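Please open the structure in a viewer and keep the selection tool ready. This tour proceeds from one selection to the next.

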Amino acid sequence: VLKTEFLGQKYENPFMNASGVHCLTVNELDELKRSKAGAFITKSATTLERAGNPEPRYYATALGSINSMGLPNKGFQYYLDYVVDYQKNDSDGKAPFFSVAGMSRDENINILKIIQRSDFQGVTELNLSCPNVPGKPQVGYDFQMTEQILTQVFEFFRKPLGVKLPPYFDFAHFDIVANILNKFPLAYVNCVNSVGNGLYVDAASESVVIKPKNGFGGIGGDYIKPTALANVRAFYTRLNPTIKVIGTGGIASGQDAFEHLLCGATMLQVGTALYEEGISVFERLEKELKEVMTQKGYKTIEEFRGQLRTL
Ligand code: DHB
């Protein structure tokens with residue numbers, strides 16, 4: 001019922017972890033491999049290992065989460081070894097996507113050059129929405145830089161590449177970004193990364209709840225679903241049909257998943273709900289999405305993907 005084809009690969013279901021959640025170590029990645037997730041993705045990698053920000057750096061609230069992790073990761077070679085090894089030894093059809101988040105244009109280019117030369121044949125996700133370079137807006141909010149990086153990348157990169165985008169909030173921005181992305185042979189866009197730099201206040205303690213950045217951090221969960229759906233829909237309706245859309249943001253139930261698919265998403269990534277519930281979340285989401293589809297009389301996702309009605 002939930003079978004999904006994405007970039008010519010068949011997956012048992014559309015669910016994945018959102019990069020950053022449950023994918024830092026080989027142990028966590030192996031747990032995703034053994035889980036009911038249809039596919040999975042590695043933690044965004046930098047050239048060198050990073051410890052990330054001081055804790056507490058993630059906090060769950062009633063309606064979602066706030067985090068400022070600071071890009072803790074094992075360094076890109078660690079994940080490249082993992083995904084190449086996976087490709088050689090596992091044939092379960094859920095090969096991991098490889099997320100890359102260099103802190104500068106040059107760092108991204110260098111990492112992608114190494115991936116291009118490597119044996120990795122899977123999907124690479126370039127994170128253009130990493131909120132961790134002080135003093136500069138994230139790449140996705142710098143339209144000139146976005147176009148520059150993609151221009152440079154596609155001079156040499158020939159493997160399937162997607163980009164992780166920040167949420168946009170303005171029709172002019174949807175138009176501008178879609179126009180830029182449509183110039184490139186992108187495989188997909190992933191909408192959305194966390195809603196940037198929210199502030200959660202705990203009234204009882206009269207305090208912020210995470211230590212980095214005086215409490216400011218990326219917002220995920222229920223708070224951001226309408227923004228995520230808007231971005232999925234805006235890009236689904238603006239991009240060349242060869243560019244697929246991954247829906248990320250506020251997926252915690254089968255109905256949330258259904259809504260993302262209606263807006264045009266092909267794969268679905270789960271961040272906050274996975275962090276809160278652990279990998280059993282995938283089994284529940286599959287069951288719930290199947291129930292929604294059965295109730296509505298849909299036998300495959302293709303029957304309703306992108307078919308959102310307007311009034
Ligand atoms: C981190 C957060 C992000 O939203 C992202 O895209 C990459 C890294 C982090 O804080 O680790």
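Begin by selecting Glu-147 and Lys-183, which form a salt bridge whose closest N and O atoms are 2.8 Å apart. A salt bridge here is a side-chain nitrogen of Lys or Arg within 4 Å of a carboxyl oxygen of Asp or Glu. Because Glu-147 lies in helix 4 (residues 143-153) and Lys-183 in the loop between helix 5 (171-181) and strand 9 (188-191), the pair ties together parts 36 residues apart in sequence. Helices (H or I, at least four residues) and strands (E, at least two) are DSSP runs, numbered from the N terminus.

The model is predicted: local features need pLDDT of at least 70, and side-chain atom pairs count only at pLDDT 80 or more, whereas totals for chains, interfaces and linings use all residues. Residues are numbered from 1 along each chain as its sequence is written, and side-chain values use heavy atoms, without hydrogens and water.

Next, select Lys-33 and Asp-90, a salt bridge with its closest N and O atoms 3.2 Å apart. Lys-33 is in helix 1 (residues 26-34) and Asp-90 in the loop between helix 2 (76-89) and strand 6 (98-100), 57 residues apart. Add Asp-30 to see a network of salt bridges that links Asp-30, Lys-33 and Asp-90.

Finally, select helix 6 (residues 225-236). Its 12 residues should span 16 Å at 1.5 Å a residue (the expected span is 1.5 Å times one less than the number of residues), and its end C-alpha atoms are 16 Å apart, which agrees. Among its buried residues (under 20% relative accessible area, with a 1.4 Å probe and protein chains only) are Leu-229, Val-232 and Phe-235.

Note on methods: Buried < 20%, exposed > 50% of the residue type's maximum accessible area, 1.4 Å probe, protein only.
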